Amino acid sequence: MQLIDKIYIDGAFVTPCGDELFDLFNPATERVIGRVRLANARDARDAIAAAKRAFPAFSRTDKRERVDMLERMHAAVVAKEDELYEAITEEYGAPVSRGRWMAQHASNVLLETAGVLRDYYFLRRAGTADVVMQPLGVAGLITPWNSDAGFICGKLAAALAAGCTAVIKPSEMSAIQTRIVTEALHEAGLPPGVFNIVTGRGETVGAEISSHPDVAKLSFTGSTAVGKEILRSGAGTLKRVTLELGGKSPVLVLDDANLDAVVPLVIQAGFMNSGQACIAGTRILVPQHRLSEFEARVQEEVARIHAGDPRNPETTVGPMVSQKQWDRVQRYIRIGIDEGARLIAGGEGRPEGVDVGWIVRPTVFSNVSNDMTIAREEIFGPVLSIIAYRDMEDAVSIANDTNYGLQAYVFSADAKRAREVASRIEAGRVLVNTLAHEPAAPFGGFKQSGIGREYGTFGLEAFLEPKAILVGL
Ligand code: NAD
């Protein structure tokens with residue numbers, strides 16, 4: 001049982017003014033494993049003030065110095081990889097392979113950003129003018145629980161690469177992971193105030209950051225509902241805003257697809273991160289004439305999935321992060337049944353033989369129509385919908401008939417044809433015959449999946465403002 005009673009302001013671990021204690025759980029055992037003392041609005045203001053004081057000097061550091069800092073941060077997070085991996089399993093319940101990837105992603109993203117910065121030119125010419133890409137100021141970075149360390153490091157890397165200073169508000173549910181990342185980043189020896197980490201509630205600390213006049217930029221990852229709230233709070237002072245929000249990603253299986261090769265990828269895309277992934281492929285579009293063949297292959301594939309204890313190396317679907325999330329997913333499974341979708345795998349309750357932990361049965365519905373609730377709303381659990389389509393026009397129209405537009409997947413034996421289909425999909429990323437991530441490519445959503453892009457040069461420029469300098473004789 002650990003007590004986390006420090007936040008990080010101005011280069012030091014300090015006791016927050018806030019005194020609310022919040023329980024931390026192991027979602028595989030449902031036991032309390034720790035407590036975090038939450039920061040309050042005053043702590044957020046102290047953190048913002050520290051970041052503001054640090055900004056003038058930090059914004060004048062040169063590229064080489066900031067690349068060095070990012071490399072030091074990378075080395076410090078690498079050194080904590082095993083500790084972080086343990087926390088990810090214990091506090092979040094990520095299965096072995098996913099947990100390891102998540103622990104490594106946190107450090108990788110720092111090094112990748114160092115590479116982007118090394119190749120980036122802050123000075124350009126436009127006609128007779130010099131255009132300087134100038135850091136925006138203090139950045140408020142607000143992150144969710146489903147990849148705590150990765151989001152903290154990813155957003156912080158881009159902000160610092162640009163020359164911004166930062167106040168980070170991670171999710172209150174992942175405080176153990178946050179503590180480890182904070183300790184690692186402290187080891188990197190950055191100047192005080194350059195980054196500050198205040199774990200607290202969204203409606204207090206998050207709201208203070210998103211409305212405070214000294215915060216110039218907000219970068220938020222989380223739900224669409226909270227993203228809209230943050231956009232409204234930031235509007236008062238016209239903050240620049242990057243929003244990475246929810247998704248309901250379509251997976252287009254074309255009629256020529258080799259199902260033996262494709263179905264395992266489709267299931268992996270749907271159940272990634274135990275279904276708690278914004279990019280999960282949750283609407284699977286299948287040609288009507290191949291529907292029964294596809295369903296049979298899906299049933300075989302899902303039968304092979306082990307859902308349960310994340311420490312069992314065979315497990316690929318671990319628990320939901322909280323009781324609340326488990327209840328929410330159960331509610332959606334019930335809605336799917338009530339709306340007349342046909343269960344072909346899984347269903348309500350826990351998997352057979354599992355009687356503890358917030359674990360959901362990997363669930364697949366067929367006979368889903370795109371207007372059903374389970375096809376429209378983000379469930380954020382291992383619940384997938386198969387939707388049959390008549391022809392390519394129908395498939396593209398169903399794929400785009402959603403409020404979201406974060407990611408899409410296209411699978412076909414003919415890559416050229418798949419690329420043509422990809423060009424018609426309204427999503428920030430379309431993966432054709434692959435599930436691979438490309439850190440140099442922009443990431444973000446169309447429509448209500450967000451505003452702006454992260455990663456690579458696009459992510460760096462989200463923390464910069466162009467300034468034109470015109471000089472007469
Ligand atoms: P959430 O929106 O509930 O919370 C995200 C963060 O916002 C947390 O730190 C929370 O404390 C804070 N917050 C809550 N209310 C706030 C307010 N009024 N003002 C400021 N901050 C506030 O999301 P979650 O439940 O932690 O995460 C799951 C959601 O995140 C899903 O919808 C998922 O799709 C989304 N997500 C998106 C991406 C992406 O890159 N697009 C990635 C991962 C998760």
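**Strand pairing and the ligand shell**

Student: What makes strand 17 and strand 18 (residues 363-366) a pair?

Tutor: Strand 17 and strand 18 are joined by three bridges in the antiparallel sense, and two strands pair if DSSP finds at least two bridges between them, so the count of three meets the criterion. One of the residue matches is Leu-343 with Phe-365, its bridge partner in strand 18. The model is a predicted one, in which local features need pLDDT of at least 70 and side-chain atom pairs count only at pLDDT 80 or more, whereas totals for chains, interfaces and linings use all residues. Residues are numbered from 1 along each chain as its sequence is written, and side-chain values use heavy atoms, with hydrogens and water left out.

Student: Why are strand 17 (342-345) and strand 21 (429-432) said to stand at the edges?

Tutor: Seven strands form an open sheet of mixed pairing, in the order 17-18-19-14-13-20-21. Strand 17 and strand 21 each have a single partner strand, so one side of each is left without a neighbour in the sheet. On average, with direction ignored, neighbouring strands of this sheet are turned by 25 degrees against each other, the axes being lines fitted to C-alpha atoms (for helices over the stretch in contact) and angles running from 0 to 180 degrees between N-to-C directions.

Student: How do you know that strand 1 and strand 5 (residues 31-37) pair, and in which sense do they run?

Tutor: Three bridges join strand 1 to strand 5, and the two run parallel; Gln-2, for example, has Gly-34 in strand 5 as its bridge partner. The strands themselves are DSSP runs of E with at least two residues, as helices are runs of H or I with at least four, both numbered from the N terminus.

Student: What joins strand 6 (residues 123-126) to strand 7 (residues 129-135)?

Tutor: Four bridges in the antiparallel sense join them, and Asp-130 in strand 7 is the bridge partner of Arg-125. Their hairpin has two residues between the strands, and there Gly-127 takes a positive phi near 60 degrees.

Student: What makes the oxygen–side-chain distance at Glu-378 a polar contact?

Tutor: An oxygen atom of the ligand is 2.5 Å from an N or O atom in the Glu-378 side chain; a polar contact is a pair of N or O atoms within 3.5 Å (within protein, one must be able to donate a hydrogen and the other to accept it, and residues adjacent in sequence count only if both atoms are side-chain atoms), so this pair qualifies. Ligand oxygen atoms also lie 2.8 Å from an N or O atom in the side chain of Lys-169 and 2.9 Å from one in the side chain of Trp-145.

Student: How much of the ligand does the protein bury?

Tutor: Taken alone the ligand exposes 850 Å², of which the protein buries 88%, by the Shrake-Rupley method with a 1.4 Å probe.
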